[in-house]
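User: Please go through this model with me. I will ask about contacts, burial and packing.

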Amino acid sequence: MGTVLADPGRSADVAVENDYDRFAEAYTVENETSLINAYYARPAIVNLVGDVGGLRVLDAGCGAGAVAEALRDKGAVVAGFDRSAKMVELAGKRLGDDVDLRVADIGQPLPYPGRAFDVVVAALVLHYLEDWTAPLAELRRVLKPGGRLVVVVNHPIMFKILHPQADYFATSKWSDEYTFDGQEAVLTYWHRPLHAMTDAFTAAGFRTTVISEPPAVPEARELFPEEMSPFPSGAFLSFLFFALEAV
């Protein structure tokens, strides 16, 4: 896996960057059982969301529907959207007809009325965006007052670890190479420092209630002994988790 600093001045096509339609199936197969998704991010999201029995929950950037499925199984009434039509198709196969799934772009006005949801989950979505202003405003709009927003993004310190000479305090574009179930892919992200994240949440009308760096679930140590051996606490640097309240 290699990482490169992307040039924000280049005319890279957004339609080509992060083209999940191209590798949706491989990405889904890989993440069904991967350490990072199945035994770290997904259970941490479900735990942070908490009790959702009877609540209306929106999965913003739902991918193939694994988080939506977990929340539905906890009693939530779930809706979800993703920019990738292929991901929405895969989510539909997983979830059936009882989940409202749509193709939509978090960077554009969302196809939901105001105050429609008690909880919104935006997991591994915002770090693809240079500007969070409009997306956070839309997520705030569709949430009821007092509703909860759970956000998961790349841990900002990872950018500095991967690029020691880069300016941590600048909003910077960078890319990383991956292999998903044998298929090569490049994902392009926007780094922003922690204070810029929390400032954006506050400006959008949210109060930050939790900032979490959770460990993987206990069984990860047995299933992934080599990967987990450097981390005696079970925690490692990968993503940063936020719980926010709409005020």
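**Contacts and cores**

Analyst: A polar atom of the H191 side chain lies 2.6 Å from the backbone oxygen of Y168. That is a polar contact (N or O atoms within 3.5 Å, one able to donate a hydrogen and the other to accept it; residues adjacent in sequence count only if both atoms are side-chain atoms). This is a predicted model: local features need pLDDT of at least 70, side-chain atom pairs pLDDT 80 or more, while totals for chains, interfaces and linings use all residues. Residues are numbered from 1 along each chain as its sequence is written, and side-chain values use heavy atoms, without hydrogens and water.

User: Is H191 buried or exposed?

Analyst: H191 sits in strand β8 (residues 183-191). Strands are DSSP E runs of at least two residues, helices H or I runs of at least four, numbered from the N terminus. Buried means under 20% relative accessible area, exposed over 50%, partly exposed in between (1.4 Å probe, protein chains only). H191 has 4%, so it is buried.

User: Which element gives the most to the largest nonpolar core?

Analyst: A nonpolar core joins buried Ala, Val, Leu, Ile, Met, Phe, Trp, Tyr and Cys residues through side-chain atoms within 4.5 Å. This one has 33 residues; I45, V49, L71 and V121 touch the most other members. Elements giving two or more residues include α3 (66-73) and β5 (117-123). The top contributor, with seven residues, is α2.

User: What relative accessibility does I161 have?

Analyst: I161 belongs to helix α6 (residues 156-162). It counts as partly exposed because its relative accessibility is 47%.
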